[in-house]
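Open the model in a viewer and keep the selection tool at hand. The stops below can be followed in order.

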Amino acid sequence: MMAENDVSLTSLVVETVTDQKTAVKKPSAKKKSGQNRRKSRELVLKAVYRGMLNQSEMSAVYRDMAEDPDYAKADEAYFKQLLEAVGEHTAELDEKMAAFIDRKVSELSPIEHAILQISGCELMFDMSIPYRVVINEGVELAKIYGGVDGHKYINGVLDKLAADVRASEVLNNKS
């Protein structure tokens with residue numbers, strides 16, 4: 001029998017014995033939501049990119065992404081929500097973005113175009129994410145998947161878009 005306040009460690013469960021009663025503390029099964037969302041954005045990028053190149057149906061894209069090794073690490077609900085939002089607002093996103101780019105939308109590289117659509121969608125339709133986080137996530141995606149200086153281009157376009165669609169938030173952060 002264990003003495004009062006003895007601690008026994010077994011696998012990933014911590015058991016504390018106090019007054020003959022056992023209290024069990026289990027490790028948190030929740031993953032870091034920031035990492036989950038980043039993986040979700042990466043998967044949405046892959047899905048939008050594939051959709052642009054292959055003109056795929058959304059159901060086929062979902063199936064492909066569910067087989068991706070990173071899918072288990074992603075926030076599945078956020079992945080679906082963001083992918084659906086980008087698909088639903090593609091024309092509106094491209095139209096809004098056109099005012100802030102130096103060429104026709106059709107002349108953007110597919111990766112940069114997809115990143116701008118994803119980040120633009122978050123800036124325009126998800127006010128729960130601070131604009132600086134949206135821009136940073138877009139820049140990080142461009143550093144990983146884009147061209148050599150693509151992240152600089154993405155940063156510039158997203159800064160202008162944020163100033164337009166979230167003017168009060170941008171002004172409040174500059175004060």
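The tour goes from a cavity to one of its helices, then to a pocket and a set of salt bridges. Keep in mind throughout that this is a predicted model.

**Stop 1: the cavity**

Select Leu93, Met97, Leu116, Gln117, Gly120, Val157 and Leu161, which line the largest cavity. The space inside is about 40 Å³, and one cavity of 30 Å³ or more is counted. Colour the lining by residue type: five residues are nonpolar, two are polar and none is charged. Now show the helices around the cavity. At least two lining residues come from each of α4 (90-98), α5 (110-125) and α7 (150-165). Which helix gives the most to this lining? It is α5, with three residues.

**Stop 2: helix α4**

Stay with α4 and select Leu93, Asp94 and Met97, its buried residues. They lie on the same side of α4, because the arc they cover around the axis is only 95°. An α-helix has 3.6 residues a turn, so residues three or four places apart point the same way. Add α3, α5 and α7 to the view, since the buried residues of α4 pack against these helices. Then turn to the other side of α4, where Ala91 and Glu95 are exposed.

**Stop 3: the pocket**

Next, select Val48, Gly51, Met52, Met58 and Thr90. The largest pocket holds about 270 Å³ of space, and of its 14 lining residues these five are the closest to its centre. Show α1 (33-54), α2 (58-66), α3 (76-88) and α5, each of which supplies at least two lining residues. The most come from α1, which gives four. How does the lining of the largest pocket divide into nonpolar, polar and charged residues? There are seven nonpolar residues, seven polar ones and no charged ones.

**Stop 4: salt bridges**

The whole structure has 15 salt bridges. Three of them are visited here, followed by a network.

Select glutamate 137 and arginine 38, whose side chains form a salt bridge at 2.8 Å, N to O. This pair joins distant parts of the chain, with glutamate 137 in helix α6 (residues 131-145) and arginine 38 in helix α1, 99 residues apart. Is glutamate 137 buried or exposed? Its relative accessible area is 10%, so glutamate 137 counts as buried. Arginine 38 is partly exposed, at 26% relative accessibility.

Move along α1 to lysine 46. Its side chain meets that of aspartate 70 in a salt bridge of 3.7 Å, N to O. Here too the partners belong to distant parts of the chain: aspartate 70 is in the loop between α2 and α3, and lysine 46 is in helix α1, 24 residues apart. Aspartate 70 is buried, with a relative accessible area of 14%, whereas lysine 46 is partly exposed at 23%.

Widen the selection to Lys39, Glu42, Lys46, Asp68, Asp70 and Lys73, which a network of salt bridges links.

For the last pair, select lysine 80 and glutamate 76. Their closest N and O atoms are 3.2 Å apart in a salt bridge. Lysine 80 and glutamate 76 are about one helical turn apart, because four residues separate their positions in helix α3. Both ends are partly exposed: lysine 80 has a relative accessible area of 34%, and glutamate 76 has a relative accessibility of 38%.

Key: Residues are numbered from 1 along each chain as its sequence is written. This is a predicted model: local features need pLDDT of at least 70, side-chain atom pairs count only at pLDDT 80 or more; totals for chains, interfaces and linings use all residues. Side-chain values use heavy atoms; hydrogens and water are left out. On a 1 Å grid over the protein atoms alone, a cavity is a set of points where a 1.4 Å probe fits but cannot get out, and a pocket is an open set with protein on both sides within 12 Å along at least five of seven lines; lining residues have an atom within 4 Å of a point. Grid points are joined across faces, edges and corners, and a volume is the space filled by probe spheres set on the points. Ala, Val, Leu, Ile, Met, Phe, Trp, Tyr, Cys and Pro count as nonpolar, Asp, Glu, Lys and Arg as charged, and the others, Gly among them, as polar. Buried means under 20% relative accessible area, exposed over 50%, partly exposed in between (1.4 Å probe, protein chains only). The arc is that of the directions from the helix axis to the C-beta atoms. Contact means heavy atoms within 4.5 Å. A salt bridge is a side-chain nitrogen of Lys or Arg within 4 Å of a carboxyl oxygen of Asp or Glu.
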